[in-house]
Amino acid sequence: MKKNEAGMPVLYNDERGPAIKVHGELLRLDLSRTVRRVSGGGSRAELVVKACRIKGRTEGLLIIDATAGFGEDSFMLAAAGAEVMMYECEPLIAALLRDALCRASQIHVLADASRRMTLTEGDSIEAMRTLKTAVDVIYLDPMFPKRRKSSLVKKKLQVIQMIEKPCENEALLLDAAKAAGPKKIVIKRPVRGAFMAGAKPTYSIHGKTVRFDCIVL
């Protein structure tokens, strides 16, 4: 394991594939942990799926996840029948996610969902501004400072917070999402967090720790 000049971890490869080291342990993404959540249509009960539905359905929708991160929300959407285009600007996270999708495609119960997901490493803002494909929903889950108390942050979220920079201009991201012309924009926030870029949603769906703000266009 090497580090760059800023002391941040970089990609580590061994016989099992790409990983990064966190607190002395190698971390890989493992979407097989979602098997219980997606089996028997269980993904339809996920709040992110309920938030992204249009006229009560998710099947066949084209959804852009503009801030893919570790891809679990995208996977729930794909398991519920949506086609999901993911964008991730951080190369380390994109590499882990690409590897996780490859392994998920070899697990019977996860294979269909993984085939409905595509990953692009790059800036989603520019991609959304020049998008030529009609899209139903754009999903945003931007990083921002002090998202969760440090004592409650799970290891994989610590990794994202360590590597991924907080969203520097939420208004720019939201404007790009609107420019893509979706039917709905869904924004994941802490349950008591401020609205993204001060934009009041059409409605919100609340969980115990997170909230999904839905802007219907």
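These legends go with several close-up views of a predicted model.

**View A. The open sheet and its strand order.** Seven strands build an open sheet with mixed pairing, and their order across it is 6-5-4-7-8-10-9. The edges are strand 6 (117-121) and strand 9 (203-206), each of which pairs on one side only. From one strand to the next, the twist averages 20 degrees. Follow the order across the view and you will meet strand 8 beside strand 10, the pair we return to in View B.

**View B. Strands 8 and 10 side by side.** Here we look at the antiparallel pair formed by strand 8 (residues 184-190) and strand 10 (residues 210-216), which are joined by seven bridges. A handy landmark is Val186, whose bridge partner in strand 10 is Cys214. Another pair to find is Arg189 and Asp213: they are 24 residues apart along the chain, yet 7.5 Å separates their C-alpha atoms. Arg189 belongs to strand 8, while Asp213 sits in strand 10.

**View C. The surroundings of Asp213.** How exposed or buried is Asp213? With a relative accessible area of 2%, Asp213 is buried. Leaving aside residues up to four places away in sequence, Asp213 touches Ile185, Val186, Ile187, Arg189, Phe195, Pro201, Tyr203 and Ser204. Closer along the chain, the side chain of Asp213 makes a polar contact of 2.6 Å with that of Arg211.

**View D. Arg189 and its polar partners.** Arg189 has a relative accessible area of 5%, so this arginine falls under the 20% limit and counts as buried. Which side chain does Arg189 meet in a salt bridge? The partner is Glu170, with the closest N and O atoms 3.2 Å apart. This pair links distant parts of the chain, since Glu170 is in helix 8 (residues 170-179) and Arg189 is in strand 8, 19 residues apart. Glu170 is buried too, at 17% relative accessibility. The side chain of Arg189 also has a polar atom 3.0 Å from the backbone oxygen of Ala194.

**View E. A salt-bridge network around Arg37.** The model holds ten salt bridges, and some of them share partners. Arg37, Glu46 and Glu72 are joined in this way into one network. Within it, the side chains of Arg37 and Glu46 come together with an N to O distance of 3.0 Å. Do the two ends of this bridge count as buried or partly exposed? Arg37 is partly exposed, with a relative accessible area of 30%, whereas Glu46 is buried at 19%.

**View F. A salt bridge along helix 6.** Arg129 and Glu126 form a salt bridge whose closest N and O atoms are 3.9 Å apart. Why can these two side chains meet along one helix? They are three residues apart in helix 6 (residues 124-129), so about one helical turn separates them. In general, an α-helix has 3.6 residues a turn, so residues three or four places apart point the same way. Both ends are partly exposed: Arg129 has a relative accessible area of 45%, and Glu126 has a relative accessibility of 41%.

**View G. Helix 3 against the sheet.** Helix 3 (residues 72-79) packs on the sheet. The strands touched by helix 3 are strand 4 (62-65), strand 5 (83-88), strand 6, strand 7 (137-140) and strand 8. The direction of this helix makes about 170 degrees with that of strand 5.

**View H. The buried residues of helix 5.** Leu110, Ala111, Ala113 and Ser114 are buried in helix 5 (residues 108-115). What do the buried residues of this helix pack against? Their neighbours are helix 1 (35-38), helix 3, helix 4 (91-104) and strand 6.

**View I. Cys52 and the nearest cysteine sulfur.** How many disulfides does a search of the whole structure find? The count is zero. Cys52 is accordingly shown unpaired, and the nearest cysteine sulfur, that of Cys214, is 7.2 Å away. Because a disulfide needs two cysteine sulfur atoms within 2.5 Å, this pair does not qualify. Cys52 itself is buried, at 0% relative accessibility. Cys214 may look familiar from View B, where it appears as the bridge partner of Val186.

How values were computed
Residues are numbered from 1 along each chain as its sequence is written. This is a predicted model: local features need pLDDT of at least 70, side-chain atom pairs count only at pLDDT 80 or more; totals for chains, interfaces and linings use all residues. Side-chain values use heavy atoms; hydrogens and water are left out. Helices (H or I, at least four residues) and strands (E, at least two) are DSSP runs, numbered from the N terminus. Buried means under 20% relative accessible area, exposed over 50%, partly exposed in between (1.4 Å probe, protein chains only). A polar contact is a pair of N or O atoms within 3.5 Å; within protein, one must be able to donate a hydrogen and the other to accept it, and residues adjacent in sequence count only if both atoms are side-chain atoms. A salt bridge is a side-chain nitrogen of Lys or Arg within 4 Å of a carboxyl oxygen of Asp or Glu. Two strands pair if DSSP finds at least two bridges between them. Axes are lines fitted to C-alpha atoms, for helices over the stretch in contact, and angles run from 0 to 180 degrees between N-to-C directions. Contact means heavy atoms within 4.5 Å.
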